[in-house]
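This briefing goes through one structure by topic. It begins with a helix and then turns to the cores and the ligand.

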Amino acid sequence: MKQAKFQSPTGMHDVLPETQKYFQRIYNVVENMANFYGFKRIDTPIVENAELFSRGVGISTDIVQKQMYIFKTRGDDFLALRPEGTAPVMRSFFQHGMFNLPQPLKLWYFGPFFRAENPQAGRYRQFWQIGLEVLEEQNPAVDAQMIQIFYNILQELKIKNLIIEVNSIGDSQCRPYYKKLLSNYLRARESALCGDCKKRFRKNPLRVLDCKDEKCQQIKSQAPQILDHLCDECNSHFKEVLELLEEVGLPYRLNSYLVRGLDYYTKTVFEIFTETITKNKDQEGEQGDESRKSLALGGGGRYDALAKLIGKKDVPAVGGALGVERIIQAMKAIPVKFPAEPNPHVFLAQLGSLAKRKSLKLFEDFRKERILIAESFGRDSLKFQLNKANKLGARYVLIIGQKEALEGMVIVKDMESGKQDNVKIEKVVSEIKRKLKRHK
Ligand code: AMP
């Protein structure tokens, strides 16, 4: 097929009709879950002041350094297409004085986000996220419950082999010391780090821990671990989160390399994956070892430090986001079944201009009575219309030709028995209603 002249921008995709049912199902599951746990929906603009992210998310993060779409408005404002949803929610919290509302405040959102990433499978420049945030709450039980809610959503969507990875990255009491330790350790091994990490370890040594480059693996495995250097408060907070995850029976594992890329996180961080395990065959075709592939579906954590970066007050908070495209990818792999769309009970066929005029009005009468009806007003051939009615599986076809239109009549054809009746146009809706009731 010849390529169309215009394509969607690189890394950005259309959500076509056949994918909308996935979006709808995900939305419904999330909405029900959010309502159950007492979350209220919030929508923030798709653009924000760029400074909200450079301050909130952090000037040295990949998101701000490399991935933000920034533009200057005619009024000389620097705006950014939102790369994430947490900083905007916190901005809105302050802007609308939501701290005066009963606390904690639980908010959720569903919308598109933008990051100028290198496009690759499962990584887009415009993607959809579902986010949930709990503000003004410092209890570790809320961290655990947040993880539980994300897990529940994915489970309800029937996604299998879910695994949660958790870590604690400390807070302003203990992280600076750990960062120094890690920096010293990395400095001594700088020449062996990958190109990116050589640059990033000075500003943000934690980022080296989640580097996937082969070169950095060996160095990472010997590095000092944050869990050994948490202050008492972070330590007991994390211990409690783990105990609670244990208590509710969630499948988790510790990942001391999990740091998440953003500056605002404190204490608990988590990610959720779905894993596919493939049994490899050896050369003789026998079952050999296994290979694991994991798909990151979402992540989040506690962000007690964010509020002070963009507002005037400390607001302990915890939240996270799920990637809709990734969830759909996992749903397609299952694959998830959807109920068939209901067939119309009735098909309205017409011939000639007067008949068409009458048909349009009659069609509306059926809609008002909520009777499923289809038509093909653009085509005048009766053969074509009857064929279409057949394909759609309509039980009754209503035919209005020139003669019927003049006489105010409709031919009602039962497609099962082939029987035909003439019915007055004003009576046809009630007649069909009566017939359909009989078949129930
Ligand atoms: P993050 O905000 O980076 O923690 O991402 C949370 C989740 O959003 C990830 O686990 C992915 O499922 C999804 N996600 C993040 N970035 C992208 C992207 N560029 N394309 C598609 N999904 C993404």
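In helix H10, the buried residues (under 20% relative accessible area, 1.4 Å probe, protein chains only) are Cys 234, His 237, Phe 238, Val 241, Leu 242 and Leu 245. The model is predicted: local features need pLDDT of at least 70 and side-chain atom pairs count only at pLDDT 80 or more, while totals for chains, interfaces and linings use all residues. Residues are numbered from 1 along each chain as its sequence is written, and side-chain values use heavy atoms, with hydrogens and water left out.

**Helix H10**
- The buried residues of H10 cover an arc of only 130° around the axis (taken from the directions from the helix axis to the C-beta atoms), which puts them on the same side of the helix.
- Asp 232, Lys 239, Glu 246 and Glu 247 are exposed (over 50%) on the face of H10 turned away from its buried side.
- Gly 249, with a positive phi near 75°, follows H10.

**Nonpolar cores**
- The largest nonpolar core (buried Ala, Val, Leu, Ile, Met, Phe, Trp, Tyr and Cys residues joined through side-chain atoms within 4.5 Å) has 54 residues, and Phe 53, Met 90 and Tyr 303 are among those with the most contacts inside it.
- Helix H4 (residues 86-95; helices are DSSP runs of H or I, at least four residues, numbered from the N terminus) gives the most to this core, with five residues.
- Apart from this core lies another, of 45 residues, including Ala 144, Phe 238, Val 318 and Ala 330.

**Ligand**
- A backbone N or O atom of Ala 296 lies 3.2 Å from an oxygen atom of the ligand.
- For Leu 297, a polar backbone atom is 3.1 Å from a ligand oxygen atom.

Notes
Helices (H or I, at least four residues) and strands (E, at least two) are DSSP runs, numbered from the N terminus. A polar contact is a pair of N or O atoms within 3.5 Å; within protein, one must be able to donate a hydrogen and the other to accept it, and residues adjacent in sequence count only if both atoms are side-chain atoms.
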